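Me: Please take me through one part of this model at close range, and then follow the thread to the other sites that can be described with the same care. I would like the cut-off behind each term stated where it is first used.

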Amino acid sequence: MNKPTLTVSSSPHLHAKADTASIMWSVSLALAPASLWGVYVFGFRSLLVLGVSILTALLSEYLLGKLYKEYTLWDGSAFLTGLLVGMNMSPSVPLFIPFLASVFAIFVAKWVFGGLGANWANPALAGRVFVFFSFTTPMSSYVAPRTLASALPDALASATPLSLSKTAVSGGTLGFDGSALLSSMGYPATDLAQNLSAMTGISAFTIDTFLGNVAGCIGEVSALALLIGGLYLLARKIITWHIPVTYLLSTAILSWIFGGIPSGLGMFGGSFLSSIFSGGLMLGAIFMATDYVTSPISHKGQIVFALGCGFFTFLFRYFGSMPEAVSVSILLMNIFTPMIDRYIIPRKFGDTRAFRKKQKEARA
Amino acid sequence: MQRIPTFSKGGVHPDDRKVYSRSAAIERLPMPSELIVALSQHLGAPAKALKAKGDTVMKGEKIGEASGFISSDVHSPVSGSIKEIRKVTLANSVQCDAFVIVPDEVQPADPEETVDWQSLDGSELLSSIKDMGIVGMGGATFPAHVKFSIPKDKKVDSFVVNGVECEPYLTADYRIMLEKGEQALEGAMIVAKIVKAERVIVGVEMNKPDCIDHLKEIVKEKGYPIEIVGLKMKYPQGDEKQLLKAILNREIPSGKLPLDVGAVVSNVGTCNAIYEAIVLKKSLYERVISVTGECIANPKNVLAPVGTKMSDLLDFCGGFSKEPEKLISGGPMMGFSFFDTETPMTKGSSGLLALGAQKKYRSTACLNCGRCVAACPIALMPAKLYRYISNGEYEEAMNTSLMDCKECGCCAYVCPAHLPLVHTMKTGKKLGRKKK
């Protein structure tokens, strides 16, 4: 018998199929429906924004990889960061903004701390927040989606529904909930949404935010497309329900209970559904807060993390002065992640209540 | 619908890959030309050699004597002469002395008389288990007489027989349950008498429905008070901690034994060996080993004498059908890869696997994805331990329950960054102990 060349290694000798790259590319795939919808409703210009942010991210990763002699370009994480940066841009931004955001995300947020796995902040969000506060005006002027183009006046199209209602409320228009307020200002709805609204009783505006017929960032407008991507990730077991469900529910419940207060509707006057569908919440809850590196490692910790995100999102949305609720909340909770991981640890097998009691008695 | 029991925390679902050898009935290996019988075939202190070079030995004769409390006797599997005593390295990297025995041409037949165990009392049964050198045959090789010696202040209510065989590929226990089920169940009754257990429960995973039916039939026929429980497939259900959680819903605290929750767990192969030891007066010198894997030409379940060289087993199974990448003693999740086909098998060798080339992954940085935490059946945080150990913070790692890790491999199995987690835990334990 010929002696074969044998490998000796530690157990286990079998391995599940997933690896870092397959996970990263799957997340990018899950973002495809939302980005495609964004490109469809906002036109070619949004494709350009996405392209610039992705290429910049890849280029930055390549250069830094050369510098550190770590070739991480094809693990897909830089592509994903670039894609998320692009999806968080308004379709009308000057192209140097996504460029700067991606550079900041990869250079400062990711590699300064040691590259993949070592960063404390979600790179894409850090990039977005960096350019948002540097170039607030171009970052907060939007264009109307194709599906509403003729009906939506420019004055309304230049801002997102969330910031419109925020401005109106702080201007003293009280007594309306979000969607009623926008309707009173003349925010149009698509025919489809009006028909569905007649059938279900849910306001047409809420349905439009769910479908993605509102002004906003390229990737955040369609809650439906993001949900499809989220379900795909859940089915592939790339994310678990803990962060997205806790985040969405805590924001929605707090908004429903207390969200009506600033607009004079009192307790339980807020809107449950439209708080989930509007703004960047869906994108944030499914794709940003679930970022492995910057969220807690245990399921218990993830729930605490998501509750924090939900609470801050609600707080910033209804009682804050800026329209950056989701990104700032997630970044804020990113800071707490190491602490959560240190103190919230799973209950060890065998460490039952009865056993603890026994130990206590033994000590006494 | 009734819920199928399993353990609740962690666990993974590797393909069971038992298809290679599951339908191969147990075959006896033709007598090899030479046996290497190691003196350390069990957990604990190595046995003391009772014979010297040139001595002749009888089949079943005691050639190594237990030295210390946790230790076990070693018996000669054949009649023959001792060619030499030399140092060997076993598949699990243990180095110890071993007898090299050349078998006689003619071997004595197995004795036919049987002993009525019902007439013996617990302590007599226990001492013959000790004399016959019985150890746990699931892989851990813990001396059986130590396990069954119940301290006065402990009470055992349940004896759980482990017929789970959750490691992929392995089918030795499966074949034992199918072909020697009567013996194994009678062995379980013997143990129940020794440990004075009221309940006897056999746990079998649902990928072996024929075993469950077969054992149920035997129980009905013989009227044994034994429960047969089908368990939902999940690795590592064959670990005693997970098995007791699945069957009795009891959790063994850190550093404690099944005894502390009123239970004793034994492998179904061990029960069979106990039957043979008590009723047939046969010491533990041979066992069933699954020789399987995609690179074995004719995968088989082989009844082979302890001390058989792996090369003899490979030859008996037709050698390799294609070039293997790894040879493994034991199962693929916890077994040891080795490179020398002259390595002898021991009382604990449940499998000999020849695995083909697998897809190579490059390790990346830890993503903090939490899969290891979710997969750990003890609910440790492997990623955290990995970080501590790779930074040399052994004390911190020990304080984070490193010693509770049983190296089952779930964390490394699921890790998408392909980090050598189990390897790191093993290293960390060694270095951490040294520091203390």
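Reply: The account below begins with one helix and then moves on to other sites in the two chains.

The model is predicted, so local features are described only at pLDDT of at least 70 and side-chain atom pairs only at pLDDT 80 or more, while totals for chains, interfaces and linings use all residues. Residues are numbered from 1 along each chain as its sequence is written, chains are lettered from A and ligands numbered from 1 in the order in which they are written, and side-chain values use heavy atoms, leaving out hydrogens and water.

The helix is α5 of chain A, which runs over residues 123-134; helices (H or I, at least four residues) and strands (E, at least two) are DSSP runs numbered from the N terminus. Its 12 residues reach 16 Å from the first C-alpha to the last, close to the expected 16 Å, where the expected span is 1.5 Å times one less than the number of residues. At its N-terminal end α5(A) is capped by Asn122(A), which has a side-chain oxygen 3.2 Å from the backbone nitrogen of Ala124(A). A polar contact, for reference, is a pair of N or O atoms within 3.5 Å; within protein, one must be able to donate a hydrogen and the other to accept it, and residues adjacent in sequence count only if both atoms are side-chain atoms.

The helix is mostly covered, with 9 of its 12 residues buried (buried means under 20% relative accessible area, exposed over 50%, and partly exposed in between, with a 1.4 Å probe and protein chains only). Among the buried residues are Leu125(A), Arg128(A), Val129(A), Val131(A) and Phe132(A). Their cover includes α3 (77-87), α4 (96-111), α6 (136-139), α15 (281-288) and α17 (325-343) of chain A.

Elsewhere in chain A, Ser26(A) sits in helix α1 (residues 20-42), and it counts as buried because its relative accessibility is 7%. Setting aside residues up to four places away in sequence, Ser26(A) touches Tyr232(A), Leu233(A), Arg236(A) and Ile238(A), a contact being heavy atoms within 4.5 Å.

Chain A also carries a nonpolar patch on its surface, whose members include Leu231(A), Trp241(A), Trp256(A) and Phe319(A), and which has about 1,000 Å² of accessible area together. The elements that give two or more residues to the patch are α12 (223-235) and α13 (242-258) of chain A, and α13(A) makes the largest share with 4 residues. Patches are built from residues with over 30% relative accessible area and no salt bridge, joining like charges within 9 Å and nonpolar side chains (Val, Leu, Ile, Met, Phe, Trp, Tyr) within 5 Å, and the areas come from the Shrake-Rupley method with a 1.4 Å probe, where for residues only the protein chains shown count as cover. Phe319(A) lies in helix α16 (residues 299-319) of chain A and is partly exposed, at 46% relative accessible area.

The remaining sites are in chain B. A salt bridge is a side-chain nitrogen of Lys or Arg within 4 Å of a carboxyl oxygen of Asp or Glu, and by this rule there are 29 over all chains. One of them joins Asp210(B) to Arg22(B), with their closest N and O atoms 4.0 Å apart. Because Asp210(B) lies in helix α5 (residues 209-222) of chain B and Arg22(B) in the segment before β1 (26-28), this pair ties together parts that are 188 residues apart in sequence. Both partners are partly exposed, Asp210(B) at 30% relative accessible area and Arg22(B) at 22%.

Another salt bridge, between Arg175(B) and Glu179(B), has its closest N and O atoms 2.9 Å apart. Both residues belong to helix α3 (residues 172-179) of chain B and stand 4 residues apart, about one turn of the helix. Arg175(B) is buried at 10% relative accessible area, whereas Glu179(B) is partly exposed at 32%. The helix α3(B) is itself mostly covered, with 6 of its 8 residues buried, including Tyr174(B), Ile176(B) and Met177(B).

Pro14(B), finally, is placed in the segment before β1 of chain B and is buried, with a relative accessible area of 10%. Apart from neighbours within four places in sequence, Pro14(B) is in contact with Pro168(B), Tyr235(B) and Tyr413(B). Pro14(B) and Tyr413(B) are 399 residues apart in sequence, yet their C-alpha atoms are 8.6 Å apart in space.
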